[in-house]
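Good morning, and thank you for coming. I would ask you to keep the displayed structure in view while I speak.

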Amino acid sequence: MEINKKSISELQAIVSQVRRDIVRMVHTCQSGHPGGSLGATELLVALYFEVMNRKEGFDMDGSGEDLFFLSNGHISPVFYSVLARAGYFDVAELATFRKLGSRLQGHPTTHEGLPGVRIASGSLGQGLSVAIGAAQAKKLNRDEGLVYVLMGDGELQEGQVWEAAMYAPHNKVDNLIALVDYNGAQIDGATKDVLSLGDLHAKWLAFGWQVLEIHQGNDIVAILEGLSQAQQQARQGLPTVILLHSEMGNGVDFMMGSHKWHGVAPNNDQLADALAQNPQTLGDY
């Protein structure tokens with residue numbers, strides 16, 4: 001059964017609630033990664049509530065539906081919130097984030113059996129390889145579903161990414177849409193200072209990919225248009241990569257424009273400020 005699609009205003013309302021979830025989760029345990037989570041909120045909401053063909057319920061093989069893999073697993077707060085708000089598990093479970101015995105660990109794992117999570121992630125550089133394998137399995141099974149994977153831009157400093165990037169075009173893995181969260185920041189500073197990525201558009205082209213850019217990476221409409229174009233390009237012989245120009249900490253003004261909030265939890269006053277900027281729309285957990 002296909003999930004009902006949402007209007008733009010409904011999607012924006014979900015975005016506001018997910019942002020609240022993120023800052024509350026990280027504040028409660030005083031640990032986690034709010035910056036990247038906030039920057040990827042619009043993307044994950046668009047994917048799960050509008051773009052991906054999803055079935056009711058959850059099974060690990062994901063046959064007959066689109067799949068999503070989170071490679072940069074440290075942004076688990078946004079992943080967990082979106083999964084819960086999309087109905088994979090009870091929203092109340094968000095209150096257990098990073099607690100001992102919780103299924104919502106700091107980086108997603110599979111051994112806890114959390115619905116919606118198909119790979120353990122957090123050791124960067126591996127998600128693209130996993131997504132390629134899943135996409136090839138779908139082709140072998142004559143499954144029309146697409147496979148999506150999200151990577152951080154700092155993650156592209158890992159060599160395994162580029163091995164996988166060579167493999168996918170060579171093997172015509174054209175049911176794959178990779179996304180790079182291109183916010184220009186990582187835990188130690190700007191990516192251009194830590195290890196410059198150079199011209200990413202030209203690099204992916206040189207590796208044989210179809211390359212799209214979403215320059216307004218925190219705008220729901222721009223994201224939907226970019227993902228629609230990627231879907232139209234799928235199954236034409238080559239994989240597609242989208243460079244999503246996002247803003248770390250988007251939606252919380254004091255977290256934007258700096259790598260500082262990559263892995264820092266807000267204090268009580270900062271939490272109140274962040275919540276004031278993002279109205280409650282679906283009910284707090």
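In strand β2 of this predicted model, the residues V147, V149 and M151 point one way, while Y148, L150 and G152 point the other way. The side chains in a regular strand alternate between the two faces of the sheet. In β2, the residues on both sides are buried. The count is 6 of 6 residues, so β2 is largely enclosed by the rest of the structure.

Which strands pair with β2? One of them is β1, residues 67-70, which pairs with β2 in the parallel sense over 4 bridges. Within that pairing, L70 has L150 of β2 as its bridge partner. β2 is also joined to β3 by 6 bridges, and these two strands run parallel as well. Here V149 stands opposite A178 of β3. Between β2 and β3 we should also note helix α6, residues 159-170, because the three elements β2, α6 and β3 make a right-handed β-α-β unit.

Let us continue to β7. Strand β3 pairs with β7 in the parallel sense, over 5 bridges. In β7, it is I242 that stands opposite L179. β6 is joined to β7 by 5 bridges too, and β6 and β7 run parallel. Q210, for its part, stands opposite T240 of β7.

Is β7 mostly covered or mostly open? It is mostly covered, with 5 of its 5 residues buried. T240, I242 and L244 point one way from the strand, V241 and L243 point the other way, and all are buried.

A second right-handed β-α-β unit is made by β6, α9 and β7. Its helix, α9, covers residues 220-233, which is 14 residues. From first C-alpha to last, α9 reaches 20 Å, close to the 20 Å expected at 1.5 Å a residue. At the start of this helix, a side-chain oxygen of D219 comes to within 3.2 Å of the backbone nitrogen of V221.

Which residues of α9 are buried? They are I220, A222, I223, L224, G226, L227, A230 and Q233. As you look at their positions, please recall a general point: an α-helix has 3.6 residues a turn, so residues three or four places apart point the same way. The buried residues of α9 pack against two helices, α1 and α3, and against the strands β2, β3, β6 and β7. The strands I have described therefore return here as packing partners of α9, β2 and β7 being among them.

I turn now to the loops. After α9 comes R235, whose phi is positive, near 60 degrees. R235 is found in the loop between α9 and β7. Its relative accessibility is 39%, and it therefore counts as partly exposed. Why should we pause at a positive phi? Most residues other than glycine have a negative phi. R235 is one residue other than glycine with a positive value.

Q30 is another non-glycine residue with a positive phi, in this case of about 50 degrees. Q30 is found in the loop between α1 and α2. With a relative accessibility of 48%, Q30 also counts as partly exposed.

Let us look next at helix α1 itself, residues 8-29, where S16 lies. Is S16 buried or exposed? S16 counts as buried, because its relative accessibility is 8%. Leaving out residues up to four places away in sequence, S16 touches N278, P279 and T281.

N278 deserves a closer look. N278 is found in the segment after α10, a helix that spans residues 268-276. N278 is buried, because its relative accessible area is 3%. A polar contact of 3.2 Å joins its side chain to that of R19. Apart from neighbours within four places in sequence, N278 is in contact with S16, R19, R20, G251 and V252.

Finally, I mention an annotation. In an unreviewed entry, UniProt places the feature "domain: Transketolase N-terminal" at residues 12-273. In the model, that span is 39% helix and 11% strand. The C-alpha atoms at its two ends lie 19 Å apart.

To conclude, I would ask you to take away two points. β2 and β7 are strands whose residues are buried on both sides. Helix α9 has buried residues that pack against both of these strands, among other elements. Thank you for your attention.

Definitions and conventions:
Residues numbered from 1 in each chain as written. Predicted model: local features only at pLDDT ≥ 70, side-chain atom pairs only at ≥ 80, totals over all residues. Heavy atoms only, no water. Buried < 20%, exposed > 50% of the residue type's maximum accessible area, 1.4 Å probe, protein only. Contact = heavy atoms within 4.5 Å. Expected span 1.5 Å × (residues − 1). Polar contact = N/O pair within 3.5 Å; in protein donor to acceptor, adjacent residues only side chain to side chain. UniProt positions renumbered as here; feature names shortened; annotations may be inferred. Pairing = 2+ DSSP bridges. Right-handed = clockwise from strand over helix to strand, strands pointing away.
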